[in-house]
Amino acid sequence: MEGGLSSEELGRFYEDGYLIIDNFLTDAECNSLKDTCHRIIMDADFSDIPKVIFDTVENKQASDEYFIRSADKVRFFFEKDVFTVDGQLKCPKEKSLNKIGHALHNLVPEFKRITFSDKVKGIAKSLELKKPAVVQSMYIFKQPKIGGVVMPHRDSTFTYTEPMRLYGIWIALEDACIDNGCLWFVPGSHQQGTSLRFLKAETDDGIVTSFEGQGPQNKLEEYVATPVKKGSLVLIHGDVVHRSEQNHSNRSRHIYTFHLFDTATATWSPQNWLQPTEPFSLLYT
């Protein structure tokens with residue numbers, strides 16, 4: 001994989017807007033990331049952490065400073081309905097989280113090692129990215145029974161570049177199946193481009209976020225399920241429509257994901273919710 005993608009793989013990616021790469025990480029590499037994440041959680045004092053719910057339906061986190069100012073932090077975001085009325089967790093803290101973000105790739109050595117590996121660089125070079133930067137990273141848990149739905153969306157709605165040169169790297173650290181919340185894609189939808197933007201503005205009254213435009217209107221039958229095995233990588237074009245269902249199973253669906261864009265050929269929108277406090281880390285130059 002250090003050599004990058006084959007011409008056949010590139011052809012499928014440019015046609016569909018996504019590509020599955022099996023066995024990208026070994027079991028040992030997956031387990032290392034899972035163990036590291038567990039250690040981060042167990043070492044954290046949750047009594048000092050704001051109770052910010054991450055939910056793609058109501059999207060309440062969008063105006064929360066703890067979320068908006070997380071570009072250079074390792075921060076914790078919770079699932080819905082994990083707190084009692086007096087603010088206590090109903091479950092063990094490691095079972096309460098929706099995700100951790102958004103600077104694992106910079107601040108945690110185990111995640112940095114994978115993100116900046118020769119295998120990832122090989123993919124970026126295959127895509128002819130001249131000066132790619134890593135803009136954000138997330139560990140997503142998709143907890144058993146409560147792991148929330150992710151609404152149909154394009155990543156470019158939230159992390160917009162002009163022109164569109166954004167790519168997602170999504171790595172399954174456990175088997176991702178239909179019943180525990182695998183990804184679903186609309187093949188070829190990246191060719192249409194995004195018509196919805198999520199915009200941030202800072203005013204005298206604080207941070208204001210808003211959606212402008214219309215989101216995906218695809219019919220359910222247009223979506224194709226993409227169950228993958230532990231260690232698989234899904235390469236995601238910034239404009240392809242995708243979603244995932246709630247986890248209805250008794251198994252989690254842990255993944256590590258991050259986004260790249262080519263700083264040599266595209267500009268990061270100043271209206272994106274996530275803004276760097278320092279220049280984005282380059283994958284290579």
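## Lining of the second largest pocket

In this predicted model, two elements each give at least two residues to the lining of the second largest pocket: α4 (104-107) and β4 (132-140). The largest share comes from α4, with three residues.

By character, the lining residues fall into three groups. Nine are nonpolar, four are polar and two are charged.

## Space and centre of the pocket

The second largest pocket holds about 220 Å³ of space. It is lined by 15 residues, and those closest to its centre are A71, D72, N106, T277 and E278.

## A four-stranded sheet

Elsewhere in the description comes a sheet. It is open and built from four strands, in the order β5-β13-β8-β11. The pairing is antiparallel.

The edges of this sheet are β5 (150-153) and β11 (224-226). Each of these strands pairs on one side only. From one strand to the next, the twist averages 25 degrees.

## Where β5 meets β13

How many bridges join β5 to β13? Two bridges do so, and the two strands run antiparallel. Strand β13 covers residues 242-244.

Which residue of β13 is the bridge partner of V150? The partner is S244.

## In brief

Two features have been described. One is a pocket of about 220 Å³, with α4 giving the largest share of its lining. The other is an open antiparallel sheet of four strands, with β5 and β11 at its edges.

Terms used: Residues numbered from 1 in each chain as written. Predicted model: local features only at pLDDT ≥ 70, side-chain atom pairs only at ≥ 80, totals over all residues. Heavy atoms only, no water. 1 Å grid on protein atoms, 1.4 Å probe; cavity = no way out; pocket = protein on both sides within 12 Å on 5 of 7 lines; lining within 4 Å. Points joined across faces, edges and corners; volume = space filled by probe spheres on them. Nonpolar A, V, L, I, M, F, W, Y, C, P; charged D, E, K, R; others polar. Pairing = 2+ DSSP bridges. Axes fitted to C-alpha atoms, helices over the stretch in contact; angles between N-to-C directions.
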